[in-house]
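The following exercises are to be worked with the sequence and the coordinates at hand. Each task is followed by a stepwise solution.

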Amino acid sequence: MDDRRTEAAHQTAPARRAELLASITDLFGSAGAAVSPPTAALFSEIILGVFDDMRPDERAVLVERIAALPNAPAEVLRFLALREIEAAEPVLRRSFAFEEADLAALAATLPHDRLCAIATRAQVPEAVSDALLDRGDRAVLRLLAQNPGARFSQHGLAILVHEATQKLAQRQAAARESDEERGQMLDIRSAPPVPRSRRSFAAPSESGVVIAFPTRTRSRPGDDHSDETAAAPNAVAEVIATVASGDRMMEVAGLLAGSAGLPVELVRRMIAKPDTMPLAVLCKAAGVSDETFAAIAAIRGRRHGHSAEAIETLVRAYQALGQDDAAHTLRFLQARQASDEAAAMPAQQNPAL
């Protein structure tokens, strides 16, 4: 590779240089995980040394090759991520060689067009989606929400619900002035891009922490927050519908937990049990539509090997479940959780003792 580096650095014929770089890249990729740090450093030196002297078409071919490398050096990936979007997008969108921490760090600093590329990756871990949601506008949010490979932490889900709540409140306020817009609901999959400032949601340190999403409260006319609080349950249901369409039951559980004010792990255990009552109660209390619940029931049915008849029976039971009955059962679950938490406290910290 060292001889080819020398020739590539001094080669002026574009065709020959492109051929050499292709050969070097393929040779590096074929070594896989066996590549030594010195070899990786040498490959990085070659790419960084000749990249700026290449024609746009040569760069495009080389970047595509590097994006496909399973062992692309972090130095090369960071270098390309900071170049023009034509060079950055292929690696940000498709390279599996990125370390999660490096990708999250880039998402925390890169401009908007690069954030959109990261948001469409086949897999977007929670740490990366958190960084994107902290900085991205609604276009980035929409791409993440549509991406079935995107995972969301409770921090990220809270941002989705917050954005959906705000947009619903805006539309409800506008509907009072325009018959044409009255009754419209937010679809976070098609919301127009609106610039957003850095968001300041506190991320939980463990899945047992409760992050309660906004809930409907009785408000008086003229209350500055009446639109936002009234919109909240529909916003939660809308986000649930979006993530459920991507077969993301972990996120569905997180949203149901946030809506109910219960720990995420508790809700995950509840909906994983054979008894389907908790799932139906939590979904009904969150305002989940019959159509969305049918999708959730189908996902759960596939994972548990349930028949189509069993899934249909569950959906019919959900349709028959009253809102008041669901709210009553949810209050019981919340009271039991509070009692369990109080019982687990040391005596000196337990207010009931």
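Rings of Phe, Tyr and Trp (its six-membered ring) form an aromatic pair if their centres lie within 6.5 Å; planes under 30 degrees apart count as stacked, and planes over 60 degrees apart as edge-to-face. The model under study is predicted, and it holds three aromatic pairs.

**Exercise 1.** Classify the pair formed by the rings of F28 and F43, and locate both residues.

*Solution.*
1. The ring centres of F28 and F43 are 4.3 Å apart and the planes stand at 10 degrees, so this pair is stacked.
2. F28 belongs to helix 2 and F43 to helix 3 (residues 37-50); with these positions 15 residues apart, the pair links distant parts of the chain.
3. F28 and F43 are both buried.

**Exercise 2.** Classify the pair formed by the rings of F51 and F79, and decide whether F79 is buried or exposed.

*Solution.*
1. For F51 and F79 the centres are separated by 5.6 Å and the planes meet at 90 degrees, so the geometry is edge-to-face.
2. F51 lies in the loop between helix 3 and helix 4, whereas F79 lies in helix 5 (residues 74-81); the two are 28 residues apart, and the pair links distant parts of the chain.
3. Buried means under 20% relative accessible area. F79, at 17% relative accessibility, therefore counts as buried.
4. F51 has a relative accessible area of 0% and is buried.

**Exercise 3.** Describe the largest cavity: its volume, its lining and the elements that supply that lining.

*Solution.*
1. The structure contains two cavities of 30 Å³ or more, and the largest cavity encloses about 60 Å³.
2. Its lining consists of A18, L21, A22, M54, E58, V61, L62 and R65.
3. Helix 2 (14-31) and helix 4 (56-67) are the elements that give two or more residues to this lining. Helix 4 gives the most, with four residues.
4. By class, the lining residues divide into six nonpolar, no polar and two charged.

**Exercise 4.** Compare the expected span of helix 13 (residues 249-260) with the distance between its end C-alpha atoms, and determine how many of its residues are buried.

*Solution.*
1. The expected span is 1.5 Å times one less than the number of residues. For the 12 residues of helix 13 this gives 16 Å; the end C-alpha atoms are 16 Å apart, so the two values agree.
2. Helix 13 is mostly covered, since 10 of its 12 residues are buried. Among them are M249, E251, V252 and A260.
3. Just after helix 13, G261 takes a positive phi of about 70 degrees.

**Exercise 5.** Where does the charged end of K284 sit?

*Solution.* The charged end of K284 is placed over the ring of Y318, 4.2 Å from the ring centre.

Key: Residues are numbered from 1 along each chain as its sequence is written. This is a predicted model: local features need pLDDT of at least 70, side-chain atom pairs count only at pLDDT 80 or more; totals for chains, interfaces and linings use all residues. Side-chain values use heavy atoms; hydrogens and water are left out. On a 1 Å grid over the protein atoms alone, a cavity is a set of points where a 1.4 Å probe fits but cannot get out, and a pocket is an open set with protein on both sides within 12 Å along at least five of seven lines; lining residues have an atom within 4 Å of a point. Grid points are joined across faces, edges and corners, and a volume is the space filled by probe spheres set on the points. Ala, Val, Leu, Ile, Met, Phe, Trp, Tyr, Cys and Pro count as nonpolar, Asp, Glu, Lys and Arg as charged, and the others, Gly among them, as polar. Buried means under 20% relative accessible area, exposed over 50%, partly exposed in between (1.4 Å probe, protein chains only). A charge sits over a ring if NZ of Lys or CZ of Arg is within 6 Å of the ring centre and within 35 degrees of the ring normal.
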